[in-house]
Amino acid sequence: MTVSPIRQPIVDAEDQAPPRASDARPAPARPRVRKPAKWGWVVYVALILLAIVYIFPFLVNIATSFKTEPEAAANPLSLVPATWTAAAYERLFLNSDFPLWFKNSIVVTVLVTFGRVFFDLLAGYALARLRFRGRSVVFAALIAVMAVPGVVLLIPKFLVINQLGIYDSYFGMVIPLLADAAGVFIMKNFFESIPVSVEEQAKVDGAGTFRTFWSIVLPMSVPAVMTIVILSFQGSWNELSHFIVSTQDPALTTLTKGVAQLSSGQLSAGTQYPLKLAAAAIMTIPVAIVFFIFQKRIMNATAGAVKE
Amino acid sequence: MTMAPQLLTRRRSGIHGRQNATGWLFIAPVVIILGLFLALPVAMAAWVSVSDWTGRGSPFSGTTNFVGTENYSAILSGGGLAERDFGTALRNNFYYVILTVPLQTALSLLLAVLVNRRILKGRGFFRTAFYFPSVTSSVAITVLWLFLFSASGVVNKLLALVGVAGPNWFQDPNGVLHLLAGSLGITTPPAALAGTSFLGVSWWDWLSGPSVAMSAFILMAVFTTSGTFMLLFIAALQNLQGELQEAAMLDGATGWQRFLYVTLPMLRPTLFTVITLGLIGTWQVFDQIYTGTQGGPAKTTLTPAYLSFSTAFNNQQWGQGAAIGFLLFAIIIFFAIIQRLILRERTTVPRRKRFNPPPPQGGTK
């Protein structure tokens, strides 16, 4: 059940908390909880107000995407369109490049996610378990790489992609995203947390390194692999800057790039808020689905990966 | 009998050699890709930043010449548009950082403390609600924000309910501090501030504060990042709850006292992590600007990251664009080093024994 082994306790602590608390709000039984309970309603009011602030924008987003353009401008606050219309969605899917962008995003995200998981697994295992010459150098280099801020690399990345002749191709979009140092770290930490004894047993039985890795280690790593899958999916689906510098062919536009250009009027769209918000809503759906299915894992991974 | 040790040594060296080869085989893809698309690009960009490459052909062909520090001096002391743009971008991003980081840190800590209360119904719901903006793409959020903060948008409608006429957010280049000064009657800048300048921007303009448009971006950054940092604080808070809290409770400390004198000091490591990640992240604003304003209105949302991009890709000034990238890198490194220096005090909280590698930076995005 461990994701990155680091954060596991959180899940348990939180799973147990709510049921115990269920009846404690109005009349505290134990003297210990009297203080918090007395102010309990203030906390609830604050939390509910904050939650409204955080949720309301997304409700507005969905509602507006079903409004007509005049209504979106005249009455942005209402969450129920006076006249429901799917015109924005029809235009997106039938009269624009939107389906193409969607397809490109899916292709790139799937390729990047598979590649990343595979490479991160291999590298993480090598760093955690195999004693090879130059290991510490590679490790130090990885740390250095993680410190380089992404936006600084925009021009450099373009230069290399251009030089290698993979500009305006899926290769240029996918390959540079395949390795990510953070994922290697998560896998390395995970492998270090599982006992070596099982692998040693396999080795004594005569299994080679790759065999051990494939049939012993990998099946034990499903939770950690899921973490990387989710993080890679999220990362590559939401990636924008890399696609800006690696392509200019409209046939290779991804959702993020296409919607960004739609929004900034580079596709001369004017203020078509329902259309733009419909696009924003659709591009959020896949991440939202993954998020709601795996939210505990995502939240633990985020805390674990960043904090270490 | 005598063969046994011999065999053993041979076998061991065999395993060693094999591990060497397999180790490198396993790690090769990551090393090659990172080398090819991280290390090599940095070297190439370093060359471009001291060259006069125009974007045509290869930067290594004979037509590209070495120009020394010309690109850097054009940005830092050229006296022209390049210098003024860089100064403006630095100012804009500076206000963005100085406002976003404290706000997002304070808000995420507040959210974490509220959500982490021992007795709370619907904890999962609140956590999800606060974290959800962090997983959505910056493009989608920016599109939404442009609508919320449009002239007749949701925010202005809400402001109108309380009798405030909201600005046309993303079209308003006025600096917040300038507006404040204006409301106090200072409409013409003092000569001392207007006459002197730094990086091509007069001191009066340095003191403008974030523009109204930039303020909307600041609110957006706080909205989208507070969830992530809330999770870090929750994780830290859950490591804390225990004897110390109970001891303080038995001693009769109020909730506020416990927070101030027990919880907060022990959260220091996380606080530093959050602030550092915030600093590094906020100096890299790009997606939002590209999607939202392209630096406008009147260049008040221009950031070094976006300026570097547009100088190279839109104006074909590749040398200057690369140079801006390196200067931005230097700024971020500067903050990373400060973080290192401060984090050194972290050893006073002996909580992390399990991991030997130094903490990786910049895992969020």
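Begin by selecting chain B of this predicted model, and consider the contacts between residues that are at least 6 apart in sequence: among these, 71% join residues at least 24 apart. With chain B still selected, colour by secondary structure, and you should find 16 helices together with 2 strands. If you then colour by burial, 45% of the 365 residues of chain B count as buried.

Move next to chain A and repeat these steps. Its secondary structure comes to 17 helices and 0 strands, and buried residues make up 45% of its 308 residues. For the contacts in chain A with a separation of 6 or more, residues 24 or more positions apart account for 74%.

Now show both chains and select the residues where they touch, which are 97 residues from chain A and 92 residues from chain B. Which helix gives the largest share of the side of chain B that touches chain A? Select residues 3-49 of chain B, which form helix α1, and you have the element that supplies this largest share, with 22 residues. When the residues on this side of chain B are coloured by class, they divide into 58 nonpolar, 26 polar and 8 charged.

For a closer look at one pair of helices, select helix α3 (residues 40-65) of chain A and helix α4 (residues 123-135) of chain B, which pack with their axes 9 Å apart and at an angle of about 35°. Turn the view until one helix lies in front of the other, and you can follow the left-handed crossing in which α3(A) passes α4(B). Show the side chains of Leu47(A), Ala51(A), Tyr54(A) and Ile55(A) in α3(A), and opposite them those of Phe126(B), Ala129(B), Phe130(B) and Pro133(B) in α4(B), since these are residues that meet. By class, this contact of α3(A) with α4(B) has 8 nonpolar residues, with no polar and no charged ones.

The last stop is the largest nonpolar core, which has 168 residues, and in which Ala279(A) and Phe233(B) are those with the most contacts inside the core. Select helix α10 (residues 212-240) of chain B to see the largest share of this core, 19 residues. Then select domain 1 (17-89) and domain 2 (94-307) of chain A: because both give residues to this core, the core lies between them. Finish by centring the view on Ala279(A), which, leaving aside its neighbours within four places in sequence, is in contact with Leu92(A), Phe98(A), Val259(A) and Leu262(A).

Methods: Residues numbered from 1 in each chain as written. Chains lettered and ligands numbered in written order. Predicted model: local features only at pLDDT ≥ 70, side-chain atom pairs only at ≥ 80, totals over all residues. Contact = placed C-beta atoms within 7 Å. Helix = DSSP H or I, 4+ residues; strand = E, 2+ residues; numbered from the N terminus. Nonpolar A, V, L, I, M, F, W, Y, C, P; charged D, E, K, R; others polar. Buried ≥ 20, exposed ≤ 12 C-beta atoms within 10 Å, placed from the backbone. Core = buried A, V, L, I, M, F, W, Y, C linked by C-beta atoms within 7 Å. Domains from an automatic or database assignment. Axes fitted to C-alpha atoms, helices over the stretch in contact; angles between N-to-C directions. Left-handed = near helix turned anticlockwise from the far one by under 90°.
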